[in-house]
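Hi,

Here is the structure I said I would pass on. Have a look at it first, and my notes on what turned up follow below.

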Amino acid sequence: MTDTAAFTDEQRAVRDMAARLASERFAPHARDWDTGRTPFPNIERRRLADLDLLGIVFPVEYGGIDGDLVMALTALEEVAKVSQAAAFQIFEANVGAARVIHLFGTEEQRSLLLPPIIRGEKTMAVAISEPEAGSAATDLSTAATLIDGHYVVNGTKRWCSGAGRAEQYLVYCRLSNERGAAGVGALVVERDAGGLVFGPPEEYMGLGGIASADMTFDDVRVPRDRLIVDAGGFKRLFEAFSIERLGNATMSLAVAVASLERTARYIQDRVQFGRPVAEFQMVQSALADMVIDVEAARLLIYRAAAGAGRGAPKPLEASVAKCFANEAAKRVTDHAVQLHGGYGYSRDYDVERLHRDAHGWAIAGGTPAMQRIRIASEYLGRRFAQRP
């Protein structure tokens, strides 16, 4: 359904290569990765790197291919249709924490931190949320104090995707005593840093194969040169948030596309009352709604990405795309379960897993409710305080 004429030859080539890789290499193992029976192997991460899929948006001098955001999202969509665990590697590298390093790090930091990620040797996860700071991210209390050339970090992080598996973490923390965003910045912490302890792996409703756990910092010492964003820089990070939100929206889109494609095949093969169920008008109506949601989500995502080029999308466009794609994925996957009948409720068919995954992406990275606040704020050009 993608309008191939809208892509450049380079974008189309990367998309097609990602689709072949997902079908031939990842599809046979996707269910095992999702159930957690086997973790996503590092050798497969390096395979993604060898094919330049972990460095799409980064300059050549760091090992990337200097592509744009559209190119990254087309590859992400194709892999995510098959395996969320495999696609998450592309997500983290091209639209996740590594982009913060690219946007806000010094030249020395970019040269040190980006090449290992692009080569598939390391992954960098982001740690923002805390037990008392979810949607209210600027309420975070994890603090870093500069002592003798090192930041000493104390606090707890929650809902960190990649926790325990990623080799590095971009940790958002309080760097001064100023309240709210004014005191918040970010620094990079190594997985094996002394005093950093990971909780047991979380078991979620969906998004199997993507590790998540609590992180506890007990006097964790971090070199001063690992400070990426100083106190007061939290507002600048919305630029990176907008990029990540388009990645999140694309993961939702991929879930919806996979559900639509499976359902289209099923309703033409499944026979009831002597004819394929696709011939029943109510089935056609539900399928049409699924198509409309998928097409609208894709247009919103790629409008924002095309406008971003090699930079960041407009915050309004990114939030609109994420909000719509998140909710569209839930609607589409719900239709898919219903149109599969009893089979849709069975784990032997993938649509129930896709429905669970759809809810996960709607929670991650800012819920649709929070996106609506952001949309109204951006559209009206004014800020709305959520606090009494």
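**What I found**

His355 is buried, since its relative accessible area is 19% and the cut-off for buried is under 20%. Before going on, please keep in mind that this is a predicted model. His355 sits in helix α11, which covers residues 351–363. Leaving out residues up to four places away in sequence, the ones His355 touches are Lys330, Thr333, Asp334 and Val337.

**The cores**

Now for the inside of the protein. The largest nonpolar core is made of 102 residues, and those with the most contacts inside it are Phe26, Leu53, Leu73, Leu170, Tyr172 and Ile228. Helix α8 (residues 238–269) gives this core its largest share, 15 residues. There is also a second, separate core of 22 residues, with Ala163, Leu175, Val189 and Leu227 among them. As background, nonpolar side chains tend to be buried together in soluble globular proteins.

If you want one residue to start from, try Phe26. Not counting neighbours within four places in sequence, Phe26 is in contact with Leu21, Trp33, Phe40, Glu44, Leu48, Val79, Val82, Ser83 and Ala86.

**Pocket and cavities**

Trp33 comes up again in the second largest pocket, as one of the lining residues closest to its centre, together with Gly208, Gly209, Ile210 and Ala211. This pocket has a volume of about 850 Å³, and 44 residues line it. By type, the lining divides into 16 nonpolar, 14 polar and 14 charged residues. Elements that each supply at least two lining residues are α2 (30–35), α3 (42–50), α5 (84–95), β7 (212–223) and α11, the last being the helix that holds His355.

As for enclosed spaces, the count is five cavities of 30 Å³ or more. The largest cavity has a volume of about 60 Å³. Its lining is Val95, Gly96, Ala97, Val100, Val126, Leu170, Tyr172, Ala240, Phe241 and Glu244. Leu170 and Tyr172 may ring a bell, as both are listed among the residues with the most contacts inside the largest core. Helix α6 (97–104), strand β4 (168–174) and helix α8 each supply at least two residues of the cavity lining, and the largest share, three residues, comes from α8. The lining residues of this cavity are eight nonpolar, one polar and one charged.

**Cysteines**

How many disulfides does a search of the whole structure find? The search finds zero. Cys160 is in no disulfide, and the nearest cysteine sulfur to it, that of Cys173, is 13 Å away. Cys160 counts as buried because its relative accessibility is 1%. Cys323 has a relative accessibility of 5%, so it counts as buried too.

**Two backbone oddities**

Most residues other than glycine have a negative phi. Asp66 is not a glycine, yet it has a positive phi of about 60°. You will find Asp66 in the loop between α3 and α4 (69–80); with a relative accessible area of 34%, Asp66 is partly exposed. Trp159 also has a positive phi of about 60° without being a glycine. Trp159, though, lies in strand β3, residues 150–161. Its relative accessibility is 48%, so Trp159 counts as partly exposed.

Happy browsing!

Terms used: Residues numbered from 1 in each chain as written. Predicted model: local features only at pLDDT ≥ 70, side-chain atom pairs only at ≥ 80, totals over all residues. Heavy atoms only, no water. Core = buried A, V, L, I, M, F, W, Y, C linked by side-chain atoms within 4.5 Å. Buried < 20%, exposed > 50% of the residue type's maximum accessible area, 1.4 Å probe, protein only. Helix = DSSP H or I, 4+ residues; strand = E, 2+ residues; numbered from the N terminus. Contact = heavy atoms within 4.5 Å. Disulfide = S-S within 2.5 Å. 1 Å grid on protein atoms, 1.4 Å probe; cavity = no way out; pocket = protein on both sides within 12 Å on 5 of 7 lines; lining within 4 Å. Points joined across faces, edges and corners; volume = space filled by probe spheres on them. Nonpolar A, V, L, I, M, F, W, Y, C, P; charged D, E, K, R; others polar.
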